[in-house]
Amino acid sequence: MTRPMTLTRPAAPVRLTLAPPRRPRLTRGPELALAAAAQLALLAVLRPGHAGLAVGGGYALAAWALLARAFRRRRALGPADHVTLARVVLTGGVAALVAGHLTGGGHTFALVAAASVALVLDGVDGRVARRTGTASRLGARFDMETDAFLVLVLSVQVAWSAGPWVLAIGAMRYAFGAAAWAAPWLRADLRPSVARKAVAVVQGVVLVVAAAGVVPHAGLLVAAALALLVWSFGRDVRWLFARRDRRAAGPAGAADVLDAAGATRGRSGDGARRARLLDPVAR
């Protein structure tokens with residue numbers, strides 16, 4: 001008696017699908033190095049003169065060192081940080097052109113163009129941070145410091161023709177941060193304010209318009225912008241002084257938890273527990 005034969009179908013060939021190779025992501029070091037290289041390339045295009053090249057080169061090195069230290073705990077920069085990094089490069093170009101202009105060189109058109117693009121991008125990085133869910137206190141401070149230095153540089157440019165009093169616009173934010181070292185109550189959180197943010201935007205726009213020299217009596221516009229800035233700071237200082245005996249709202253350590261989780265809204269810089277040299281109008 002023979003055993004029945006069992007027929008088996010040949011196994012279907014297994015198709016292997018290879019996932020597309022992932023594009024390698026740049027880490028913090030190469031990103032900052034590329035930004036420094038872009039800064040030097042921009043200087044070569046702008047040709048701001050010997051003084052401008054010296055200022056721009058020093059700015060590139062200083063920015064690279066400061067950002068490398070600030071982002072030392074991050075492996076890579078976020079999408080919004082890349083936008084702000086582009087503004088850092090543009091601000092360095094503006095600083096070089098201002099230095100060149102003060103020494104008889106530089107080009108006003110290039111200065112106004114670079115500053116205008118930097119101001120436009122100021123409204124982009126916050127949106128990118130919110131849409132990508134990458135908002136953080138570090139990103140907010142990065143944004144603020146870039147804003148402050150751009151306004152300071154533009155105030156130097158305008159002060160050359162309008163008078164040294166214009167420097168108060170660029171110096172006021174730094175003065176507020178310095179005062180916070182002596183008066184800790186100035187470090188408390190500020191309530192959100194649309195007016196504060198609007199005043200911050202006005203400063204940059206008015207300084208660019210005054211630097212372009214296309215509007216008659218631009219000094220009056222700058223004076224009005226300075227008056228708004230004094231009003232904004234005065235209102236915030238008065239509000240903080242009235243609450244100087246209160247600690248920041250929320251349980252101790254809450255701000256640190258938000259910082260670690262990246263859960264702050266947008267690019268807000270509220271919640272500082274230490275004095276910051278850049279505590280801007282648009283916190």
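Biologist: Is Arg 196 buried or exposed?

Modeller: Arg 196 is buried in this predicted model. Its relative accessible area is 1%, so it falls below the 20% cut-off for buried residues.

Biologist: And which side chain does Arg 196 meet in a salt bridge?

Modeller: That would be Asp 236, with 2.8 Å from N to O. The two partners come from distant parts of the chain: Arg 196 sits in helix 7 (residues 194-212) and Asp 236 in helix 8, 40 residues apart.

Biologist: What about Asp 236, buried or exposed?

Modeller: Asp 236 is buried as well, with a relative accessible area of 7%.

Biologist: Which residues do salt bridges with shared partners join into one network?

Modeller: Arg 87, Asp 122, Asp 143 and Asp 147 are joined that way. One of the contacts is between the side chains of Arg 87 and Asp 143, at 2.6 Å from N to O. That pair also ties distant parts of the chain together, with Arg 87 in helix 3 and Asp 143 in helix 5 (residues 137-162), 56 residues apart. Both Arg 87 and Asp 143 are buried.

Biologist: Nice. How many salt bridges are there by this rule?

Modeller: The count comes to five. Arg 141 and Glu 145 make one of them, their closest N and O atoms being 3.0 Å apart.

Biologist: How far apart in helix 5 are Arg 141 and Glu 145?

Modeller: They are four residues apart, so about one helical turn separates them. Arg 141 is partly exposed at 32% relative accessible area, and Glu 145 is partly exposed at 35%.

Biologist: Let's step back. What does the secondary structure of the protein come to?

Modeller: There are nine helices and zero strands. Along the sequence the pattern reads α-α-α-α-α-α-α-α-α.

Biologist: And how much of the protein do buried residues make up?

Modeller: Buried residues account for 41% of the 283 residues.

Biologist: Changing topic to empty space: how many cavities of 30 Å³ or more does a search of the whole structure find?

Modeller: The search finds one. About 80 Å³ of space lies in it.

Biologist: Which helices each supply at least two residues of its lining?

Modeller: Helix 1 (28-46), helix 2 (49-70) and helix 3 (79-102) each do so. Helix 2 gives the largest share, five residues.

Biologist: How do the lining residues divide into nonpolar, polar and charged?

Modeller: The lining has 11 nonpolar residues, one polar and no charged. Gln 39 is among the lining residues, as are Tyr 59, Trp 64, Leu 67 and Val 88. Gln 39 counts as the polar one, because glutamine is outside both the nonpolar and the charged groups.

Biologist: Over to the surface. Which residues form a nonpolar patch there?

Modeller: Val 214, Val 215 and Leu 221 form one, with about 250 Å² of accessible area together. Leu 221 belongs to helix 8 (residues 218-242) and is partly exposed, at 40% relative accessible area.

Biologist: Helix 8 also holds Leu 229. Is Leu 229 buried or exposed?

Modeller: Leu 229 is buried, at 1% relative accessibility. Its C-alpha atom is separated by 7.4 Å from that of Ile 169, although the two are 60 residues apart along the chain.

Biologist: I'd like to hear about Val 124 too. Where does it lie?

Modeller: Val 124 is in helix 4 (residues 108-132), and at 31% relative accessibility it counts as partly exposed. From Val 124 to Thr 84 the C-alpha distance is 8.8 Å, with their positions 40 residues apart in sequence.

Biologist: Last topic, the backbone. Which residue in the loop between helix 1 and helix 2 has a positive phi?

Modeller: Arg 47 does, at about 50 degrees, although it is not a glycine. Most residues other than glycine have a negative phi. Arg 47 is exposed, at 68% relative accessibility.

Biologist: And what phi does His 217 have?

Modeller: His 217 has a positive phi of about 55 degrees, and it is not a glycine either. Its place is in the loop between helix 7 and helix 8, where it counts as exposed at 64% relative accessibility.

Technical notes. Residues numbered from 1 in each chain as written. Predicted model: local features only at pLDDT ≥ 70, side-chain atom pairs only at ≥ 80, totals over all residues. Heavy atoms only, no water. 1 Å grid on protein atoms, 1.4 Å probe; cavity = no way out; pocket = protein on both sides within 12 Å on 5 of 7 lines; lining within 4 Å. Points joined across faces, edges and corners; volume = space filled by probe spheres on them. Patch = residues over 30% accessible without salt bridge, like charges linked within 9 Å, V, L, I, M, F, W, Y side chains within 5 Å. Areas by Shrake-Rupley, 256 points an atom, 1.4 Å probe, with all protein chains shown as cover. Salt bridge = Lys/Arg side-chain N within 4 Å of Asp/Glu carboxyl O. Buried < 20%, exposed > 50% of the residue type's maximum accessible area, 1.4 Å probe, protein only.
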